[in-house]
Amino acid sequence: MREDFLLLNPGPVPLSDDVRTAMSEPMVSHRSSEFEAVYERAQDGLDYVFERSTLDEAETSAGGTSLVLNGTATMGMEAAVANLADEDDEVVAVVNGKFGRRFARIADRHADVTRVEFDWGSPVDVDAVADAVSDDTAVVTMVHNETSTGLLNPVEAVGELAAEHDARYVVDGVTSIGGDEFRIDDWYVDIAITDGQKALAGPPGVSALYVSKRAEAHIEGEDAPFYEDLDWHLRKSESHQTPFTSAVPLFRGLAVAVEDIRHEGMSERIARHRRQSAAFRAAFEAMGLDLFPDLNEHSTYSNTLTAVSLPNEVYGDPDEFMSEISERGVSISGGQAHLGGQIFRVSNMGNLTSEHVLRGVRTIGESFDA
Ligand code: PLP
């Protein structure tokens with residue numbers, strides 16, 4: 001792999017030299033004070049990201065706990081749902097893409113699920129969610145930034161509904177947190193989930209959860225999957241440890257990645273992600289391409305990822321186009337599930353510079369011409 005190969009996939013994203021160096025340090029025991037110091041740094045940095053993800057870095061939470069799990073975001077999603085819902089509980093799952101659907105599938109294994117479903121790429125109709133949420137609803141699941149379609153979903157409006165009915169609100173901020181606004185308390189979020197390898201610009205293999213004080217009161221650890229018992233994770237995290245062996249190099253990489261975010265500052269980081277996604281959208285439109293999906297007055301494009309409809313010459317069979325791009329040292333992603341062959345997706349999550357954005361645009365443009 002050439003050293004300057006540029007990953008513009010929506011995760012994993014490129015790692016800084018500091019993160020890579022941290023991951024190759026000599027091993028320590030996960031029960032050592034050295035490891036506790038690493039986890040503490042990761043928690044401090046994550047507290048900052050979870051609690052200050054606004055354009056002015058105003059505090060967005062009245063208190064909660066940042067946890068790191070040995071496992072990607074899917075594990076974090078399952079941990080959140082399985083700790084808040086019993087098998088007889090009703091979970092309302094809002095689905096308008098692959099990751100909303102994943103939440104519903106996870107919840108199917110732990111509770112009684114009502115899906116509020118929209119076509120992938122359609123905005124969430126909040127009135128339809130209102131019809132589904134009632135005082136019997138225990139948990140509502142929602143994806144903030146739907147990575148499969150490039151749409152930003154109305155987390156606040158759905159959060160208001162969950163709060164009105166005293167339901168717990170679990171939000172997947174996997175491809176927004178660390179790159180876009182995320183307001184824990186204003187949006188009534190009880191548990192937020194993100195991934196190391198996305199906008200945090202850390203390694204794949206670890207996910208992070210923010211468990212609000214409100215959520216803690218509802219966590220029933222003993223009924224949760226053993227490895228994902230959040231009550232246990234919360235108790236161990238007080239001494240900056242995990243219940244089981246921690247993925248030490250990944251925790252180290254994550255600790256450095258979140259410290260780098262604090263150095264940049266969330267407000268500047270969010271503004272940079274917005275500039276860069278706007279630049280990608282403008283460049284693709286200037287090439288005559290159509291962004292995916294068509295927007296209507298209820299939908300908003302993601303600030304961390306751009307989806308584009310494949311033009312006729314490559315529609316249905318994009319393999320050659322994708323290889324042209326990767327031969328030029330850049331990697332992007334195609335569509336997922338039934339959107340395969342219909343769209344391509346370009347991420348601007350993490351620590352991209354303007355030079356990276358220009359290189360991405362130039363490479364994709366040249367690959368159409370090739
Ligand atoms: N949620 C969203 C919005 C995602 O984009 C992804 C991965 O792309 C996930 C959840 C699941 O992440 P993982 O496959 O790393 O568990």
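**Notebook: helix packing, ligand shell, backbone outliers**

I began with a helix pair and noted that α3 passes α4 in a right-handed crossing. The model I am reading is a predicted one. I looked up the contact and found Thr-74, Met-77, Glu-78 and Val-81 on the α3 side, with Arg-102, Phe-103, Ile-106 and Ala-107 on the α4 side. By class, I have five nonpolar, one polar and two charged residues in the contact of α3 with α4. For the geometry, I took α3 as residues 73–84 and α4 as residues 98–108, and I read an angle of about 50 degrees with the axes 10 Å apart. I therefore entered α3 and α4 as oblique to each other.

Next pair. I looked up α2 (residues 33–51) and α9 (residues 248–264), whose axes come within 8 Å and cross at roughly 40 degrees. Angles under 35 degrees would count as roughly parallel, so I entered α2 and α9 as oblique. I noted the handedness of the α2 and α9 crossing as left-handed. By class, I recorded 13 nonpolar, one polar and four charged residues for the contact of α2 with α9. From α2, I listed Phe-35, Val-38, Tyr-39, Arg-41, Ala-42, Gly-45, Leu-46, Tyr-48 and Val-49. Facing them from α9, I listed Val-248, Phe-251, Arg-252, Leu-254, Ala-255, Val-258, Glu-259, Ile-261 and Arg-262.

Then the ligand. I found these residues around the ligand: Pro-10, Gly-11, Thr-72, Ala-73, Thr-74, Phe-99, Val-143, Thr-147, Asp-172, Val-174, Thr-175 and Asp-195. I sorted this shell into five nonpolar, five polar and two charged residues. I marked Thr-74 twice, as it is in the ligand shell and also in the α3 contact with α4.

I also marked Gly-11, a residue of the ligand shell, since a cis peptide bond joins Gly-11 and Pro-12. I read omega there as about -10 degrees. I placed Pro-12 in the loop between β1 (6–7) and α1 (17–23).

I logged another cis bond, from Phe-292 to Pro-293, with omega near -15 degrees. I located Pro-293 in the loop between α10 (266–286) and β11 (300–301).

I checked phi as well and noted Glu-57, a residue other than glycine with a positive phi near 60 degrees. I found Glu-57 in the loop between α2 and β2 (64–70). I kept these entries because most residues other than glycine have a negative phi, and most peptide bonds are trans.

Last, the annotation. I looked up the UniProt record, an unreviewed entry, and it places "domain: Aminotransferase class V" at residues 68–336. For residues 68–336 I noted 37% helix and 20% strand. I have the end C-alpha atoms of that span 27 Å apart.

Terms used: Residues numbered from 1 in each chain as written. Predicted model: local features only at pLDDT ≥ 70, side-chain atom pairs only at ≥ 80, totals over all residues. Near = placed C-beta within 6 Å. Nonpolar A, V, L, I, M, F, W, Y, C, P; charged D, E, K, R; others polar. Axes fitted to C-alpha atoms, helices over the stretch in contact; angles between N-to-C directions. Helix = DSSP H or I, 4+ residues; strand = E, 2+ residues; numbered from the N terminus. Parallel < 35°, antiparallel > 145°, perpendicular 65-115°, else oblique. Left-handed = near helix turned anticlockwise from the far one by under 90°. Contact = placed C-beta atoms within 7 Å. UniProt positions renumbered as here; feature names shortened; annotations may be inferred.
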